[in-house]
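Biologist: Could you walk me through this one, with the reason behind each label? I'd like to hear the cut-offs too.

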Amino acid sequence: MTEPLRIIIVGLGARAQFWLRVINANPDCRIVGLVDPSEAARERALAQCPGAVAAADVDLLSQVPADFVLLATPPGGRERQMEAACKARLPILAEKPLADSVELAAHYVEMAEEAGVPLMVGLNFRFLPVTQKTISLFETDVGKPEFARFTYERWRDGRLARLNKYPLTMDQPMLWEQSIHHFDLLRYVYKSEPVQVFAKTFNPSWSMYADDANVSALFTMANGVIVNYQGTWQSNWQQPGFEWRTECADGVVLQKDQFGDLHFARQQDEALTAVELPAYEQWINDAIALLAAFVATLRGTAPLLCSGRDHLKSLRMVQACIISQQQGSAINPSDLETSAERGIGQTFTSAHQQRTSL
Ligand SMILES: NC(=O)c1ccc[n+]([C@@H]2O[C@H](COP(=O)([O-])OP(=O)(O)OC[C@H]3O[C@@H](n4cnc5c(N)ncnc54)[C@H](O)[C@@H]3O)[C@@H](O)[C@H]2O)c1
C-alpha cells in the first residue's frame with residue numbers, strides 16, 4: 001500500500017475551498033501544509049484539515065515534508081511561491097493563469113524545468129465529460145470541424161463575498177481570468193494552434209470592472225478552423241448565456257452550458273440529438289479528474305498533462321488579443337514566442353525522467 005501524497009496548499013481563498021473538499025475526499029492525498037497571509041483564511045482551512053501545519057509565508061515549503069504544492073493564489077505575485085517550490089524540489093499544480101504576464105509565466109516554466117519539477121496548470125475544463133465527448137463526436141458522428149462560434153455571457157458580480165476581488169482592479173480581467181479557459185479549450189478540442197488572432201476588447205458603460213470585461217476575437221487555427229469568440233463578464237442580465245457551436249464536415253456539435261448540455265446534428269437531421277453525459281458536480285468532478293491526472297504523473301503511471309509549457313501557448317492567445325486590440329491589426333501568436341519557448345521541453349523531459357516515481 002503506497003502512502004498518500006502529502007500536499008501543501010498555498011492560497012486559501014475561494015478556489016481553495018473546492019480543492020480542500022476534493023483533496024480531503026481523495027484517500028491517495030493528504031493535506032499537510034496550508035499557507036496564506038490571511039489569518040482568517042488559515043483558520044478556516046485548518047478547521048477543515050486537522051493535523052495540517054499552517055503558516056503565513058511560503059518558507060513552510062522547505063520546513064514541512066511534502067510531495068507537491070498546490071498554488072491557489074492570484075496569478076499576480078507568484079514569484080516567491082514559485083522560487084520556494086522549486087528550491088524545495090516540490091512538483092507544482094498551479095491554478096490558471098500561471099502568471100499575469102506571458103514573460104513571467106515563461107520564466108516560471110524555465111525555473112521548474114531547471115529544478116526538474118513537474119509543473120501542471122489547473123485547466124479543469126479539459127477534464128469535463130462534455131469536453132471529452134465533443135472531441136469524440138468529431139471522430140464518430142459529425143466529421144472534421146471547420147468553423148465555430150463560442151459565446152460566453154455572464155453577469156459576474158465581482159462584489160459577491162464568495163468571489164475573489166482582485167479581478168475588479170486587474171488589467172484585462174476577462175482575458176486573463178476567464179477567456180484563458182476558453183482559449184485553452186479551443187486549442188485542446190480542435191487539436192491545433194492559432195496562427196491569426198484579431199481581437200477587440202472593451203468595457204461596457206455599466207461595468208464594475210476597472211478594465212475590459214468584454215472580449216471579441218476571431219481566431220484562425222493552423223488546421224484551418226476559424227472561431228468567432230465573444231466573452232463577457234458584464235452581460236446585463238442575471239441569466240448566463242453559453243453556446244459553443246462547431247460546424248463540421250457532416251453536421252454540427254452544439255454545447256449549451258459550460259459544464260454540459262451537449263447535442264449534435266447531421267446535416268439532414270430535423271432536430272438535435274442530445275448526448276448523454278455521466279453525472280457530474282460542477283467544479284468538483286473536473287477538479288477530481290485534474291487531481292487524479294497529476295497524482296498519476298507523480299506516481300509515474302501517466303505523462304504530465306496541461307504542462308506549464310503547453311499553457312504558454314494559451315497565454316500567448318491572451319497576449320495576442322491584447323496586442324491586436326492595441327494595434328488594431330491581426331497577430332500571429334507564434335511571432336510573440338521567445339526562442340527559449342521554441343526549444344520545447346528538452347530540459348524538462350530529461351530532468352523529469354530522472355525523477356524517481358513517488
Ligand atoms: N480553475 C478554475 O475553474 C478556477 C476557478 C476560480 C479561481 N481560479 C484561480 O484560482 C486562483 C485563486 O483564485 P481565488 O478565487 O481563490 O482568489 P481569492 O482572492 O479568493 O483567494 C486567493 C488567496 O490567496 C491568498 N494569497 C495572496 N497572496 C498570497 C501569497 N503570497 N501566499 C499565500 N497566499 C496568498 C489570499 O490571501 C487569498 O486568501 C486564481 O489563479 C484564479 O484564477 C480557478
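Modeller: Let's start at P97, which sits in the loop between β5 (92–95) and α4 (102–115). One caution: this is a predicted model, so local features need pLDDT of at least 70 and side-chain atom pairs pLDDT 80 or more, while totals for chains, interfaces and linings use all residues. Residues are numbered from 1 along each chain as its sequence is written, and side-chain values use heavy atoms, with hydrogens and water left out.

Biologist: What makes the stretch around P97 a loop between β5 and α4?

Modeller: Helices (H or I, at least four residues) and strands (E, at least two) are DSSP runs, numbered from the N terminus. P97 lies between two such runs, β5 and α4.

Biologist: And what is special about the peptide bond from K96 to P97?

Modeller: That bond is cis, with omega near -20°. Most peptide bonds are trans.

Biologist: Which residues other than glycine have a positive phi?

Modeller: R89 has one, at about 55°, and C306 another, near 50°. They get flagged because most residues other than glycine have a negative phi. R89 is in the loop between α3 (79–87) and β5, and C306 in the loop between α7 (285–298) and α8 (308–327).

Biologist: Now the sheets. How do you know that β1 and β2 pair?

Modeller: Pairing needs at least two DSSP bridges between the strands. β1 (residues 5–10) and β2 (residues 29–35) have 6 and run parallel, so they pair. One of the partner sets is L5 with C29.

Biologist: What sheet has the order β3-β2-β1-β4-β5-β6, and why are some of its strands called edge strands?

Modeller: That's an open sheet of 6 strands with parallel pairing. β3 (53–55) and β6 (119–122) are the edges, as each pairs on one side only. From one strand to the next, the twist averages 25°; axes here are lines fitted to C-alpha atoms, and angles run from 0 to 180 degrees between N-to-C directions.

Biologist: What makes the pairing in the 8-strand sheet mixed?

Modeller: In general, strands of a sheet pair either parallel or antiparallel, through backbone hydrogen bonds. The order is β8-β9-β10-β7-β11-β12-β13-β14, with β8 (194–202) and β14 (273–274) at the edges. Take β7 (residues 145–153): β7 runs antiparallel to β11 (residues 241–248) over 8 bridges, with F150 partnering W244. With β10 (residues 226–232), β7 pairs in the parallel sense over 7 bridges. There F147 stands opposite I226, R149 partners N228, and Y152 stands opposite G231.

Biologist: What does β9 do with β10?

Modeller: β9 (residues 214–221) pairs antiparallel with β10, over 7 bridges. N228 of β10 has L218 standing opposite. The hairpin of β9 and β10 has 4 residues between the strands, and G224 there takes a positive phi near 100°.

Biologist: On to the ligand. How do you know that a residue belongs to the shell around the ligand?

Modeller: A residue is near if one of its heavy atoms lies within 4 Å. That gives 25 residues, the closest being R15, D36, N124, N164 and E177. By class, there are 11 nonpolar, 8 polar and 6 charged residues; Ala, Val, Leu, Ile, Met, Phe, Trp, Tyr, Cys and Pro count as nonpolar, Asp, Glu, Lys and Arg as charged, and the others, Gly among them, as polar. Domain 1 (5–123 + 285–306 + 339–353) and domain 2 (129–274) each give at least three residues to the shell, with bounds from an automatic or database domain assignment.

Biologist: Why would A14, R15 and Q81 count as polar contacts of the ligand?

Modeller: The test is a pair of N or O atoms within 3.5 Å. A backbone N or O atom of A14 is 3.0 Å from a ligand oxygen, and a polar backbone atom of R15 is 2.8 Å from a ligand oxygen. For Q81, a side-chain N or O atom lies 3.3 Å from a ligand nitrogen. Each value is under the cut-off, so each pair qualifies.

Biologist: How much of the ligand does the protein bury?

Modeller: Alone, the ligand exposes 850 Å², and the protein buries 80% of that, by the Shrake-Rupley method with a 1.4 Å probe. The elements giving two or more residues to the shell are α1 (14–24) and α6 (173–190).

Terms used: Polar contact = N/O pair within 3.5 Å; in protein donor to acceptor, adjacent residues only side chain to side chain.
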